[in-house]
Amino acid sequence: MSARLHALANPARFGRFARRVLPWTAWLAALCIGAGLVWGVFIAPPGAPPPEGQGETVRIIYVHVPSAWMSLFVYACVAAASAGALIWRHPLGHIVARAASPVGACFALLTLATGSLWGAKMWGAWWVWDARLTSVLILFFLYLGHIALTHAFDDPARGARAAAILALVGVVNLPIIKFSVDWWNTLHQPASIIRRDGPAIDAQMLAPLFLMIFGFTFYFFTVLLLRARAELAALRTRALKLRMLAA
Amino acid sequence: MSGFGALLRRDLRLALRQGSDTATVLAFFVIAVSLFPFGVGAERETLAAIAAGILWVAALLAALLSLDRLFQADYEDGTLDYLLAAPAAPTLLVVAKALAHWLTTGLPLVILSPLLALLLNLPPKAYPALIAGLALGTPILTLIGAIGAALVLGARRGGVLLSLLILPLYIPILIFGVGAVEAAATGQGFRVHLLLLGAMLLGALALAPFVAAVALRQAAE
């Protein structure tokens, strides 16, 4: 496994790997998301009618839950890539972290937007300082900090190293933040807004939900490979330009 | 250890002779807090209800104000390279600089806070929780801030960037700091909050200097 990872450090080899894998991930993403959306929006049953249940609003979860899952998954990827870059000096680590972080920020934003839409319908408010919403908002801030730090230096290598350290600091802090937000929330929030004993998820809803989660994951890997390839090309262009200037 | 003492003495002497940071931070703290009555109205009950939050948020921002210069001057004039090349462990150097920073900015905030709490009509029984919470919390602000300050060395617009990086990490401290004051104000025990803040302080003391030292080495590379 580690030998294979080290082989990918060669940009040309990574390019060949990306070319081979990309069609698969792209098609799987399109298929899963397409099927999941059609199933979720048109075929799966709606929730119980509004006063008690969620009605048609429940269909938001087919985008909301996969986005929430992805926003955490992508952060884990950024952290793992950063660890690889810092510990083993794997050249691809910085590139993957740099390529993945904006995608993760978009997923976090999508989670917030869909959560807010759902809240507007179900809670009658666009924003509620619910523990989960708040945690995702903070995760979004962490992504923004990571992106900003990556791009804050004239020397991209310095930005990449600083951002890698920040990503690892974030991993240590995320559980602490999550725990304290939960604590704060139980102290401040009236418990009536969110029913903890919500209805268990219907098997009819679970299948499209999993399709969407797989689809989003494949989508992420597709975009990640594309962006990593673009980053590598940009690095190469920069190196060539510097060489031309020096000559 | 002698390197630790020497650096601590040097930083304290610099801060005392220049004097500007402590005064600026305290002035910011006082002005920021005294803006709130204009914003939310001067009713004594309203102010008492939100006093803990105002004081903690203002302390957080005030601490942030001086953090971007924690390593900046040493980085710019090359002292940092010598410090890192010195035989003392870089983690100890970070602790020394953080301690000097806390003594010159955090501690004055703690001392000044009861006075501002008075202006905001905080219930008297909440004072111990406020002071103890700030005394435990402000060193954590400095320690986490040291990581951020080391990361943004040499960055464009480092000060603004620093706030984006470390304010999200400050949220737990804010929650338990304010929680302690509110628990005390409503007559509940605030021991749990202080214990958690103490745990965070110990955790930050163990981890943050190490991470900040790594970040400093990356910056000096």
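Hi everyone. In chain B, residues 24 or more positions apart account for 82% of the contacts with a separation of 6 or more. In chain A, the corresponding share is 75%. Before I go on, please keep in mind that this is a predicted model.

Let me stay with chain B for a moment. Chain B has nine helices and zero strands, so let's read the order straight off: from the N terminus on, the elements run α-α-α-α-α-α-α-α-α. Along its principal axes, the C-alpha trace of chain B spans about 55 × 35 × 30 Å. How does the radius of gyration of chain B sit against that of a compact globule? For 221 residues, a compact globule would come out near 17 Å, and chain B has 18 Å, which agrees. As for burial, 50% of the 221 residues of chain B count as buried.

Now chain A. There we have seven helices and, again, zero strands, following the pattern α-α-α-α-α-α-α along the sequence. Chain A has 247 residues, and buried residues make up 37% of them.

Next, a helix I'd like you to find on the screen: α7 of chain B, residues 127-151. Its 25 residues, at 1.5 Å a residue, should span 36 Å, and its end C-alpha atoms are 36 Å apart, so expectation and model agree. There is a bend in α7(B) all the same, of about 25° at A135(B), and a proline, P139(B), follows within four residues. Is this helix mostly covered or mostly open? Mostly covered: 21 of the 25 residues of α7(B) are buried.

On to where the two chains meet. Here, 23 residues of chain A are in contact with 21 residues of chain B. Which elements of chain A give two or more residues to that side? They are α5 (131-150) and α6 (156-188) of chain A. The most comes from α6(A), with 14 residues. By residue type, the side of chain A that touches chain B divides into 18 nonpolar, three polar and two charged.

Two residues of chain B let us look at contacts with chain A one by one. P172(B) is found in helix α8 of chain B. It counts as buried, because P172(B) has 24 C-beta neighbours inside 10 Å, and the cut-off is 20 or more. Not counting residues up to four places away in sequence, P172(B) touches I176(A), I177(A) and S180(A) in chain A, plus M200(B) in its own chain. Along the chain, P172(B) and G159(B) are 13 residues apart, and their C-alpha atoms are separated by 22 Å.

The second one is A215(B). Leaving aside neighbours within four places in sequence, A215(B) is in contact with A162(A) and I165(A) from chain A, and with I147(B), A150(B) and L151(B) from chain B. A215(B) also turns up in the largest nonpolar core: of its 144 residues, L55(B), A150(B) and A215(B) touch the most other members. Helix α8 of chain B, residues 158-185, gives the most to this core, with 17 residues.

Back in chain A, take a look at A79(A), which lies in helix α3, residues 61-87. Buried or exposed? A79(A) counts as buried, because 21 C-beta neighbours lie inside 10 Å. Beyond its neighbours within four places in sequence, A79(A) is in contact with A167(A), L168(A) and V171(A). For a long-distance pair, try A79(A) and L245(A): they are 166 residues apart in sequence and 35 Å apart in space, C-alpha to C-alpha.

Last topic: backbone angles. Most residues other than glycine have a negative phi. Which two cases go the other way here? One is R89(A), with phi near 55°, found in the loop between α3 and α4 (91-122) of chain A. R89(A) counts as exposed, because it has 10 C-beta neighbours inside 10 Å. Another is N121(B), not a glycine either, with a positive phi of about 65°. N121(B) lies in the loop between α6 (90-119) and α7 of chain B, and with 16 C-beta neighbours inside 10 Å it counts as partly exposed.

That's my tour. Thanks for listening!

Note on methods:
Residues are numbered from 1 along each chain as its sequence is written. Chains are lettered from A and ligands numbered from 1 in the order in which they are written. This is a predicted model: local features need pLDDT of at least 70, side-chain atom pairs count only at pLDDT 80 or more; totals for chains, interfaces and linings use all residues. The expected span of a helix is 1.5 Å times one less than its number of residues. The bend at a residue is the angle between axes fitted to the seven residues ending there and the seven starting there. A residue is buried if 20 or more other C-beta atoms lie within 10 Å of its own, exposed if 12 or fewer, and partly exposed in between; C-beta atoms are placed from the backbone. Two residues are in contact if their C-beta atoms, placed from the backbone, lie within 7 Å. Ala, Val, Leu, Ile, Met, Phe, Trp, Tyr, Cys and Pro count as nonpolar, Asp, Glu, Lys and Arg as charged, and the others, Gly among them, as polar. A nonpolar core is a set of buried Ala, Val, Leu, Ile, Met, Phe, Trp, Tyr and Cys residues joined through C-beta atoms within 7 Å. The radius of gyration is taken over C-alpha atoms; the globule rule is 2.2 Å times the number of residues to the power 0.38.
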